[in-house]
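Me: I am in my first year of study and would like a close look at a single part of this structure. Please take one strand and explain its surroundings step by step.

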2 protein chains.
Amino acid sequence: MRKVIVQKFGGTSVADTEKIKNVAKTVIREKNNGNDVVVVVSAMGHTTDYLVKMAKDLSTNPSSREMDMLLSTGEGVSIALLAMAIQAQGYDAVSFNAMQIGIITENVHSKARIVNIKTEKLKKNLQEGKIIVVAGFQGVTEDGEITTLGRGGSDTSAVALAAALNADRCDIYTDVEGVYTTDPRIVPKATRLDEISYEEMLELAHAGANVLHPRSVETAKQFNVPLRVRSSFKLDNLGTLILGVDKMEIYKPVTGVAADLSQARIVVCDVPDVPGQAAKLFGKLAQEHISVDMIIQSYARKISNTNDIAFTIDSADLDKTIKTLEEMKKDLQCGDIQINDNIAKVSIVGAGMIDRPGIASAMFETLADLGVNIRMISTSEIKISCLVDKEDAHKALQALHKVFELEGSEIADVKGDLPNV
Amino acid sequence: MRKVIVQKFGGTSVADTEKIKNVAKTVIREKNNGNDVVVVVSAMGHTTDYLVKMAKDLSTNPSSREMDMLLSTGEGVSIALLAMAIQAQGYDAVSFNAMQIGIITENVHSKARIVNIKTEKLKKNLQEGKIIVVAGFQGVTEDGEITTLGRGGSDTSAVALAAALNADRCDIYTDVEGVYTTDPRIVPKATRLDEISYEEMLELAHAGANVLHPRSVETAKQFNVPLRVRSSFKLDNLGTLILGVDKMEIYKPVTGVAADLSQARIVVCDVPDVPGQAAKLFGKLAQEHISVDMIIQSYARKISNTNDIAFTIDSADLDKTIKTLEEMKKDLQCGDIQINDNIAKVSIVGAGMIDRPGIASAMFETLADLGVNIRMISTSEIKISCLVDKEDAHKALQALHKVFELEGSEIADVKGDLPNV
């Protein structure tokens, strides 16, 4: 029986007509493998920026409904052009926008979630042997309102289509070769993973390895869609397969290590130990749209009957956070507020660490041997994160990568600049 | 009771965000008159050219289905931007594409005809006090395929929407001030007509006065929609109202005069007088997509038993026509083929000439007095056309304009270059 493969190409892959021709070749290659192919594409390169600029010319606060109308035209262009490029190679292709297929979302603009995908039209056209090109990022409500899916939207479209069609695989084509054990720019011996579980991928993504938007990985996990991250340029490289932990052959306790250099730590000292103080503090921060990552509250000191509450935020939110906390100081009846943005979060991630004791202590020992001071610790079932001084982050990452046996023999193909320390 | 007014703005009126802001003001002005307003817009300025260029990069012969998918995105952009611009002025507006409304067309790509327009969504939104912005030029089939309406498509969208909503008027905003008695570039005393009938407008359009595409006028005539051609820039000028001849107060036999300088005359001499020769000749020309305008066949000459068949074509088709005729010469068993592209067609148009004898003879006399030789004559119920030498066209037009009392006291606001003679 023929397999159904969903492919997804982002905006940089379809940025101009030459690139669209290349995408057409990649699509046809999969079709020639004897598979049914559904291709999801984003808007061309800088189209979205250009459309947003015009909207801002007309309105300081354009309505999200009309923004969705405007932005959804971007994929309308790329799907039609890709279908033409495939046809020009002598293959039958047909493009559909979200409204034509029935990619039904909630009635929320600019960040709608998909609730249902109608498959009649897709199945009929696949049966006729056609390659189907679908607009990513967009949806439609039951009432015919056009919506968009927000950040990572096209990845999510692809995964949701794969789930609806019960596809054999969803291939996300990108400019990296897959998911690595760690950032190859910091650890040159980083290895591309052949497989990784959804859960590990999610923890790595949140820990700073931004290959896929977490939302698309969550959707893939929910519907158990095998997801492959692979290079648009090196087609013989199969990239990394992301799948359910139950389907993996777990051979190492740790799958990857990551460092997040863009965090800042805040300590709110001497907060009176009465109920509701944490709720008050973090409620206010949420209200200001400040995302908080690690949170640690010390045991209440018996003499003063106060706590220290420490947490980390994105450095970009630092000024806003300080302003918010200064305003709350009286209300919280707290003491000093200490700021440290010279820190980094180093994490190890692995589904294999579940029920395998000693992983955490191995991490702490490694850092101790390096003379790296651990300032905060936070753990989940498959992740351990330590907050360290920023200047220690690279050597910590390199040592952990080695200790947990993630080193490859070849030096990875490094792209981009090294993050500043 | 509130009136429903449909307004239409073309691509040059929405070419950039500054122009879109001006259109928003014109729309709001009509809303402030106490009317319900539906606005139809085309794609921004050169959008279509840009999209077509990309398609040509990808395919020498892109499928018309995918071209329609591609081109329909152009209006998606302009409707969203115009809705934002109206909202920014504090008015409630909502944009819809053809699929959302249900502007149903035949299942033909690139030149579909509208067969039905669903009005539920339009009426509901008008009742809620919203200004509705609709994508022109596009439609959708019953099966959800996106179509486009071809040349003059947005004008036709506007007229069809006005018909479906039983609108009080359809205003076509353009860069001219209305319909004139003749080309103001040739006859400075040309007057803007306050009223003209659908039929006269059609005859004038075909005679070279290209203010509206004939198709939109035909639709307006069919559904009896009062159509106003007016200036985007001079809002206090009401332009020209185009309406049913029964609703007009006819006070002059001739409404307008026009000259078409882009024609060429062909005479096929000595065609044997046997049945089927004309069918063979014009069938072949139609097959080659050569449009024929005037056709005259002389009485068969008794001695030779042959006819001369004369006809006019667009000069642009001249080379193709000569080539086609040379190939047919043997088959037709005809004599010489005479070519003359130094000619012009001068026409007078007026619903008032029906049942009013002497109009034709007044035209012929006028030309005779000028010493202008008439080379061919063709007539319809409301039009008389004479083929004359090209160098006589301007003086003929000026004289006819005067004889039929079309002169205005003011000199018209002339735009554009004088056509070459």
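Reply: The following account describes one strand, its partners, and the sheet to which it belongs. The model is predicted, and every statement below should be read with that in mind.

The strand chosen is β1 of chain B, which covers residues 4-9. Is this strand buried or exposed? It is mostly covered, for six of its six residues are buried. The two faces may be taken in turn. On one side lie V4(B), V6(B) and K8(B), and on the other lie I5(B), Q7(B) and F9(B); all of these are buried, and both faces of the strand are thus covered.

The next topic is pairing. In general, the strands of a sheet pair through backbone hydrogen bonds, either parallel or antiparallel. One partner of β1(B) is β2(B), residues 36-41, to which it is joined by six bridges in a parallel arrangement. Within this pair, I5(B) is placed opposite V37(B). Between the two strands the chain passes through helix α1(B), residues 17-32, and the resulting β-α-β crossover is right-handed.

Another partner is β9(B), residues 169-174, which also runs parallel to β1(B) and is linked to it by five bridges. Here Q7(B) has D171(B) as its bridge partner.

These pairs can now be placed in the wider sheet. The sheet is open and has eight strands in the order β3-β6-β2-β1-β9-β11-β12-β10 of chain B, and its pairing is mixed. Which strands stand at the edges? They are β3(B), residues 93-96, and β10(B), residues 195-197; each has a single partner strand, so one side of each is left without a neighbour in the sheet. From one strand to the next, the twist averages 20 degrees.

An antiparallel pair within this chain is formed by β11(B), residues 227-231, and β12(B), residues 240-243, which share three bridges. In that pair, V229(B) faces T240(B).

Finally, a helix must be added to the picture. Helix α6(B), residues 153-164, lies across β1, β2, β6, β9 and β11 of chain B. What is the angle at which α6(B) runs to β1(B)? The angle is about 175 degrees. Since angles over 145 degrees count as roughly antiparallel, α6(B) and β1(B) are roughly antiparallel to each other.

In summary, β1(B) is a strand whose two faces are both covered, with β2(B) joined to it by six bridges and β9(B) by five, and with α6(B) lying across it.

Key: Residues numbered from 1 in each chain as written. Chains lettered and ligands numbered in written order. Predicted model: local features only at pLDDT ≥ 70, side-chain atom pairs only at ≥ 80, totals over all residues. Buried ≥ 20, exposed ≤ 12 C-beta atoms within 10 Å, placed from the backbone. Helix = DSSP H or I, 4+ residues; strand = E, 2+ residues; numbered from the N terminus. Pairing = 2+ DSSP bridges. Right-handed = clockwise from strand over helix to strand, strands pointing away. Axes fitted to C-alpha atoms, helices over the stretch in contact; angles between N-to-C directions. Contact = placed C-beta atoms within 7 Å.
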